[in-house]
Amino acid sequence: MLARYTPSEQHRLRELATLFLHEKVIVGAGDLQLEEAMQVRIAALACLPVLNLDLDYLRGWVEIIVYPGQFTPEHEYTDEAGVVHVTHHPLAGEAWLQGPLVLSWEDILASGRGDGFNVVIHELAHKLDMLDGEANGFPPLHEGMAGEAWTQAFAEAFADMRRRDEGGEDTVLDPYAAEDPAEFFAVMSEAFFETPHLLAQTYPAVYEQLRVFYRQDPDAGGTISHEDEYRHAVRHGARG
């Protein structure tokens, strides 16, 4: 996955990862002993989405908790009838609003293989989504990005994914994206970095929005300039 980046971009990623490790605390859960190389891998994957943004996009939280494998947290919710339910589902990762990032080391090792799965990028996407509150699939956009264009691209693609998933059709991208808009954004972010050509073919409008949001163009094997951003803003109008 990193092979598409130029030597200078890889150098910048290493610098970001170093700063990330200085600012964040990564701790092992259970009997997991986190070696330096393991922490570096986590930091590199976490910094990839903000390579052309800024570490300030990862503000508001400090800790990363890493379990040896998938973990089973307890979640409580109240349904429409007022009945309280407690659920226990194994997870590969979890992002808490203004709280820690929780990851499975087993799934971190399975990330970054170009097959569409990347638990670190998935959970980092949730963190970006949470910069303005609860995750809803609509992160704070850059100046010049049109909110209407983002909403239209993601709403149409999400509706298509749900239709296919509910109809029992095979989906080219991970069907977990059909859970809700927040998961759709996170899964599309995984695909953007892991299988960009597949995403660009399947949902080109979503790819275009993510291309400008992340300021990267992995399908073309590079990053995009501020001039490209300006042309995008002119085509699609001001942020709504």
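Two aromatic rings of Phe, Tyr or Trp count as a pair if their centres lie within 6.5 Å; planes under 30 degrees apart are stacked, over 60 edge-to-face, and the rest tilted. By that rule, this structure holds 16 aromatic pairs. The model is a predicted one.

**One aromatic pair**

A pair of aromatic rings is described by the distance of the centres and the angle of the planes. Take phenylalanine 138 and tryptophan 150. Their ring centres are 6.3 Å apart and their planes stand at 55°, so this pair is tilted. Phenylalanine 138 sits in the loop between α4 (119-129) and α5, while tryptophan 150 belongs to helix α5. The pair therefore ties together parts that are 12 residues apart in sequence.

**Helices α5 and α6**

Tryptophan 150 also takes part in a helix contact. Two packed helices are described by the angle between their axes and the distance between the axes. Helix α5 covers residues 147-166, and helix α6 covers residues 181-194. Their axes come within 11 Å and cross at roughly 95°. The two helices are therefore roughly perpendicular to each other. From α5, the contact uses Trp150, Phe154, Ala157, Phe158 and Met161. From α6, Pro181, Phe184, Phe185 and Met188 take part. What kinds of residues make up the contact of α5 with α6? Nine are nonpolar, with no polar and no charged residues.

**The sheet**

Strands of a sheet pair through backbone hydrogen bonds, either parallel or antiparallel. Here, four strands form an open sheet in the order β1-β2-β6-β5. The pairing is mixed. Which strands stand at the edges? They are β1 and β5 (93-95). Each has a single partner strand, so one side of each is left without a neighbour in the sheet. From one strand to the next, the twist averages 15°.

Strand β1 (residues 25-28) runs parallel to strand β2 (residues 63-67), and four bridges join them. Four bridges also join β2 to strand β6 (residues 101-104), again in parallel. The table gives residues that face each other across these strands.

| Residue | Opposite residue | Strand of the opposite residue |
|---|---|---|
| Valine 25 | Glutamate 63 | β2 |
| Isoleucine 26 | Isoleucine 64 | β2 |
| Valine 27 | Isoleucine 65 | β2 |
| Valine 66 | Leucine 103 | β6 |

Helix α2 (residues 36-47) joins β1 and β2 in a β-α-β unit. Is this unit left-handed or right-handed? It is left-handed.

How values were computed: Residues are numbered from 1 along each chain as its sequence is written. This is a predicted model: local features need pLDDT of at least 70, side-chain atom pairs count only at pLDDT 80 or more; totals for chains, interfaces and linings use all residues. Side-chain values use heavy atoms; hydrogens and water are left out. Axes are lines fitted to C-alpha atoms, for helices over the stretch in contact, and angles run from 0 to 180 degrees between N-to-C directions. Angles under 35 degrees count as roughly parallel, over 145 as roughly antiparallel, 65 to 115 as roughly perpendicular and the rest as oblique. Contact means heavy atoms within 4.5 Å. Ala, Val, Leu, Ile, Met, Phe, Trp, Tyr, Cys and Pro count as nonpolar, Asp, Glu, Lys and Arg as charged, and the others, Gly among them, as polar. Two strands pair if DSSP finds at least two bridges between them. A crossover is right-handed if, with the strands pointing away from the viewer, the path from the first strand over the helix to the second runs clockwise. Rings of Phe, Tyr and Trp (its six-membered ring) pair if their centres lie within 6.5 Å; planes under 30 degrees apart count as stacked, over 60 as edge-to-face and the rest as tilted.
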